[in-house]
Amino acid sequence: MRLIAHAKVNWALSVLGRRDDGYHELDMLMQSVELGDSLEIRLAEELTLTLHGGPRVPSGDGNLVLRAARRLREAAGVAQGARITMKKRIPVGAGLGGGSADAAAILLGLNALWNLHMGWQDLRALARSLGSDIPFCMVGGLRRVRGTGEQLEALPCGAPFHLVIVQPCAGLSTPKVFAAYDALAVRPRNPDIEAAVAALAQGDPAALAQAMGNALTPASVPIRPQIAMAAQTLEHFGALRAEMTGSGSAVVGLFANAQDADFAWRQCIALWPKSYLTRTTCLLYTSDAA
Ligand code: C5P
């Protein structure tokens, strides 16, 4: 079985408050993009993972893919194995949900390959216990995501938007960014999610550019000032708007059309090797023909 696990971007991220357990109540608009990691899963006696690319990804027990596979095996009470080969393309610590997408693909892939017939509710609970963004990554598309990632509302997914995604610096740790957010003297303004929903429904990139925003940006930029510089550069090269995704450190530039995005990508790749020309997608897992 060959799968592509798609990255996600945040069109909007609002922080509504901090809960007693330390997690933050969020209201987000998330969408899958074509950029993705390739996974190949084969039945085997042992559970193993071979990684290509992504030197910063742990390949041992700390890898979310192996943790997800083991948790699924425990939950289903089976002892089967799989040989997993993964080619990483999604940058790590970027706010693009790379690890979450890989884990989601493994949960769905092994559920099928091992004939577990585990239902959506059980899979979603397992996904949630492994990471906040994994439930979204299991369904993908365009969604409003609330709570701490478990409340998913599907939105109609229209024509693709053209993007350039840049990670201009080292990755960021999500807990560190939320801690920096809590320490801010002034609460950042939340984006207008309703306006972003309307812009997405109309497929209007100019209106979306006005509405998009991320309340975590003021927490991440002091840790990685390159984020602000990359956003300015993307806008200089023609993005209608550029904004950080998730807790960073990647920045997403939204373009009016494919030509504008292609031009900006050629400029950005000369500055930052982790620059990606991509589009939003409504598809979840595409088989990897490569
Ligand atoms: O669930 P996940 O592993 O993605 O979260 C990593 C950390 O990010 C959490 O332990 C928490 O510190 C922070 N977080 C948060 N509020 C969220 C999601 C994550 O504070 N909604």
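**Close-ups of a predicted model**

**View 1. The ligand and its polar partners.** In this predicted model, serine 132 has a polar side-chain atom 2.6 Å from an oxygen atom of the ligand. The protein covers 73% of the 450 Å² of accessible area that the ligand has on its own. Look for histidine 24 too: an N or O atom in its side chain sits 2.7 Å from a ligand oxygen. Tyrosine 23 joins in, with a polar side-chain atom 3.5 Å from an oxygen atom of the ligand.

**View 2. Who else is around the ligand?** The surrounding residues include Gly22, Leu26, Gly131, Thr148 and Phe178. Sorted by type, the shell has four nonpolar residues, six polar ones and no charged ones. Strand S2 and helix H5 (174–182) each bring at least two residues to this shell. H5 gives the most, with three.

**View 3. Valine 9, tucked away in a strand.** Find strand S1, which covers residues 2–18, and you'll find valine 9 in it. This valine counts as buried because its relative accessibility is 0%. Not counting neighbours within four places in sequence, valine 9 is in contact with Leu29, Met30, Gln31, Val33, Leu96, Leu163, Ile165, Thr245 and Val252. Here's a nice one to trace: methionine 244 is 235 residues from valine 9 in sequence, yet their C-alpha atoms are 8.8 Å apart in space.

**View 4. A salt bridge between distant parts of the chain.** Side chains of opposite charge can pair when their charged atoms come close. Aspartate 37 and lysine 88 do this, with their closest N and O atoms 2.6 Å apart. The two partners are 51 residues apart: aspartate 37 is in strand S2 (residues 24–44), while lysine 88 is in the loop between strand S4 (81–87) and helix H2 (98–113). Are these two residues buried or exposed? Aspartate 37 counts as buried because its relative accessibility is 0%, and lysine 88 also counts as buried, at 11%.

**View 5. More charged pairs.** The whole structure holds 14 salt bridges, so here are some others to spot. Arginine 19 pairs with aspartate 21, their closest N and O atoms being 2.6 Å apart. With 26% relative accessibility, arginine 19 counts as partly exposed. Glutamate 243 and arginine 241 also form a salt bridge, at 3.4 Å from N to O. Of these partners, glutamate 243 is buried at 10% relative accessibility, whereas arginine 241 is partly exposed at 21%. Finally, Arg2, Glu40 and Arg42 are joined in a network of salt bridges.

Key: Residues numbered from 1 in each chain as written. Predicted model: local features only at pLDDT ≥ 70, side-chain atom pairs only at ≥ 80, totals over all residues. Heavy atoms only, no water. Helix = DSSP H or I, 4+ residues; strand = E, 2+ residues; numbered from the N terminus. Buried < 20%, exposed > 50% of the residue type's maximum accessible area, 1.4 Å probe, protein only. Contact = heavy atoms within 4.5 Å. Salt bridge = Lys/Arg side-chain N within 4 Å of Asp/Glu carboxyl O. Near = heavy atom within 4 Å. Polar contact = N/O pair within 3.5 Å; in protein donor to acceptor, adjacent residues only side chain to side chain. Areas by Shrake-Rupley, 256 points an atom, 1.4 Å probe, with all protein chains shown as cover. Nonpolar A, V, L, I, M, F, W, Y, C, P; charged D, E, K, R; others polar.
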